[in-house]
Structures are given as structure tokens and as C-alpha cells.
Amino acid sequence: MKILFLSSEIDPFANSYDLATFAKKLTISLHHNKDLDLRLMHPKYGFISDRKYILREVIRLRDLELDFNGQKISVNLKSGFIPNSRVQVYFVENQEYFKNISELIYKSKNGRIYLDNLMRFCLFDLVVLETMKKLFWAPDVIICNDLQSSMVPIMLKNKYKTDDFYSNTKIVSIFNSINKDFRYFTDKEYNALSLESAGKKNDNLVLALENSDLSILFNYKDQIPNKFFNRNKSVKQVFEKNKGKIINLDSSISDVEWNSVSEQLLDILKKIVKK
């Protein structure tokens with residue numbers, strides 16, 4: 001099974017909340033399964049050191065040109081591995097959108113939220129889908145980690161719905177948190193990706209749930225489902241309609257326990273791939 005795993009943070013490259021550790025622990029555990037071909041994609045923020053992590057250019061993905069936000073955007077991709085593992089990570093490099101980012105990732109060091117956060121991850125999500133085509137590597141499953149990757153299922157079910165390359169690809173949306181800063185996208189971001197917009201407020205949480213083949217909530221000590229669903233009945237309805245899964249997870253679990261979590265996830269993935 002070929003799995004593409006997307007994340008805006010992976011420890012130790014970038015780490016501002018639980019997402020980064022989750023991405024690292026889960027993918028290292030998944031990689032132990034020899035039947036999987038697992039690849040990760042991650043933005044190349046300016047503070048990520050090429051030398052420290054031994055990142056190398058991917059020659060055939062150098063100066064990749066994309067139509068984005070009404071103009072031609074050039075990106076490069078570099079490849080490396082999560083330290084002390086053989087988990088491969090592709091890094092998306094772009095001077096305008098990813099270079100001048102602080103280690104806080106979504107905000108500057110004075111605490112101000114970056115106004116182009118949504119646009120930045122729209123570009124990342126577009127690069128993801130175009131890169132796989134350039135590599136001639138069609139994943140069986142794309143795992144979208146949190147709302148920063150929410151445009152991927154929306155694009156695949158709309159912009160790419162007639163693209164034979166992705167005809168057998170399943171989309172799994174994973175949520176570790178429900179971040180309001182990445183929940184609502186405007187027509188500006190949708191237009192940048194040539195997607196139809198509902199206007200100034202597109203609820204990407206609901207749209208990601210609707211356009212994914214499966215959605216999974218990782219529940220840290222009951223932080224998400226009960227509290228969030230009680231306040232968001234419409235989201236709960238969509239989640240249950242699409243047979244979403246809840247996996248309970250203690251953020252302090254051991255590496256051995258992570259193997260159990262990855263096996264549980266893999267069993268779920270095998271079922272949706274067979275459909």
C-alpha cells in the first residue's frame with residue numbers, strides 16, 4: 001500500500017503543538033510495516049536547516065511551476081529523512097510563502113498571526129497533488145493531517161475529479177485539534193486554487209469531512225469529540241453520516257503503544273482501499 005502523509009509540522013523539523021509529535025511517532029511506527037510505501041510532505045520553512053537534516057534537492061522537482069493565485073509560482077522540493085529513521089520526507093520550498101516563517105510557524109515572534117496563513121497552506125496542498133503526478137507515484141491513500149491540509153480532499157473531489165491519475169486514491173482526513181484559524185477559508189483562497197467558493201466563509205472542516213473517504217478524530221483525553229460536538233451539532237452530523245472514526249490517544253504513550261495505534265489505523269486504511 002502506498003501512503004502519502006501530509007503535515008504542516010513534523011518533529012524535529014517544526015514543532016508548535018501536538019501535531020508535530022503525533023506526525024513523527026505515527027509515521028515512524030507505520031514505517032515498521034514492510035508492506036507499506038510511506039512518504040511524507042512538509043513545508044520547507046526558512047528555519048529548517050538543510051545541513052543539519054541533510055536535505056537534498058530532488059532534481060526532477062526543481063523549479064516546478066504551478067498556476068496559483070493568478071500567477072506562475074515556482075517551487076523546489078528537497079528530500080530527507082526523519083532523524084534516526086528511514087521515513088522519507090519531501091520538503092516544499094518557496095521563497096515567498098515559506099522562507100520568512102518563524103519557529104512559531106503560524107505567527108511572528110511578537111505574537112501576530114500571519115495574514116497569509118490560509119494562502120500558504122493552499123499552495124502547499126496544491127504542490128502536494130502536482131508533485132505526485134511529476135513523480136508518477138499515485139498513492140493508494142493520502143492522509144491529511146489537521147485542517148492545514150483540508151484543501152486536498154476538496155480539490156481531489158472537485159478540481160481533480162476527472163484526473164485518472166487519482167482515480168483510485170482514497171482520502172483520509174485526520175484531526176488532532178479543531179483550530180478555528182484554519183477552519184474558515186474565503187473566496188480569495190478558493191479562487192487562488194480555481195475552486196468554486198460559497199463566498200467569504202467556506203467551512204473547510206465540514207467540506208473536508210464531506211469530501212474525504214474517511215475522517216478520524218484522535219481523541220486526547222476527551223478533548224475533542226464530546227466538548228466540540230456538543231457545540232457543533234452540524235459537524236457531528238456530517239462526521240457520523242460519513243462514518244467517521246474516533247481513536248482514543250494519550251499523548252504520553254510509549255513507542256510500543258504507538259505500534260498498537262498504527263496497527264489500528266492500518267486496519268482502517270486497508271478496509272477503505274478495498275472499497
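**Figure 1. Arginine 62 pairs with glutamate 57 in a salt bridge.** In this predicted model, the closest N and O atoms of the two side chains sit 3.0 Å apart. That fits the rule used here: a salt bridge is a side-chain nitrogen of Lys or Arg within 4 Å of a carboxyl oxygen of Asp or Glu. Both partners are partly exposed, arginine 62 at 42% relative accessible area and glutamate 57 at 38%. (Buried means under 20% relative accessible area, exposed over 50%, and partly exposed in between, using a 1.4 Å probe and protein chains only.) By the salt-bridge rule, the count comes to 13. One set forms a network, linking Lys44, Asp50, Lys78 and Glu93.

A word on the ground rules: as this is a predicted model, local features need pLDDT of at least 70 and side-chain atom pairs count only at pLDDT 80 or more, while totals for chains, interfaces and linings use all residues. Residues are numbered from 1 along each chain as its sequence is written, and side-chain values use heavy atoms, with hydrogens and water left out.

**Figure 2. Arginine 120 and arginine 183 each have an aspartate partner.** Arginine 120 meets aspartate 116 in a salt bridge at 2.8 Å, N to O. Here arginine 120 is buried at 3% relative accessibility, whereas aspartate 116 is partly exposed at 29%. The side chains of aspartate 203 and arginine 183 also form a salt bridge, at 2.8 Å, N to O. Aspartate 203 lies in strand β10 (residues 202-203) and arginine 183 in the loop between β8 (170-175) and β9 (184-185), so this pair ties together parts that are 20 residues apart in sequence. Helices (H or I, at least four residues) and strands (E, at least two) are DSSP runs, numbered from the N terminus. Both members of the pair are buried: aspartate 203 has 17% relative accessible area and arginine 183 has 8%.

**Figure 3. Isoleucine 142 sits in the largest nonpolar core.** Such a core is a set of buried Ala, Val, Leu, Ile, Met, Phe, Trp, Tyr and Cys residues joined through side-chain atoms within 4.5 Å. This one has 98 residues, and Met41, Phe68 and Ile142 touch the most other members. Helix α3 (residues 117-135) gives the core its largest share, 12 residues. Leaving aside neighbours within four places in sequence, isoleucine 142 is in contact (heavy atoms within 4.5 Å) with residues including Leu4, Leu129, Val152 and Tyr166.

**Figure 4. A cis peptide bond joins aspartate 11 and proline 12.** Omega is about 10° at this bond, and proline 12 lies in the loop between β1 (2-6) and α1 (18-31). Most residues other than glycine have a negative phi, and most peptide bonds are trans.

**Figure 5. Asparagine 69 and asparagine 84 show positive phi values.** For asparagine 69, phi is about 55°. This residue is found in the loop between β4 (64-68) and β5 (71-81), and asparagine 69 is partly exposed at 32% relative accessibility. Asparagine 84 has phi near 65°, lies in the loop between β5 and β6 (88-93), and is exposed at 86% relative accessibility.
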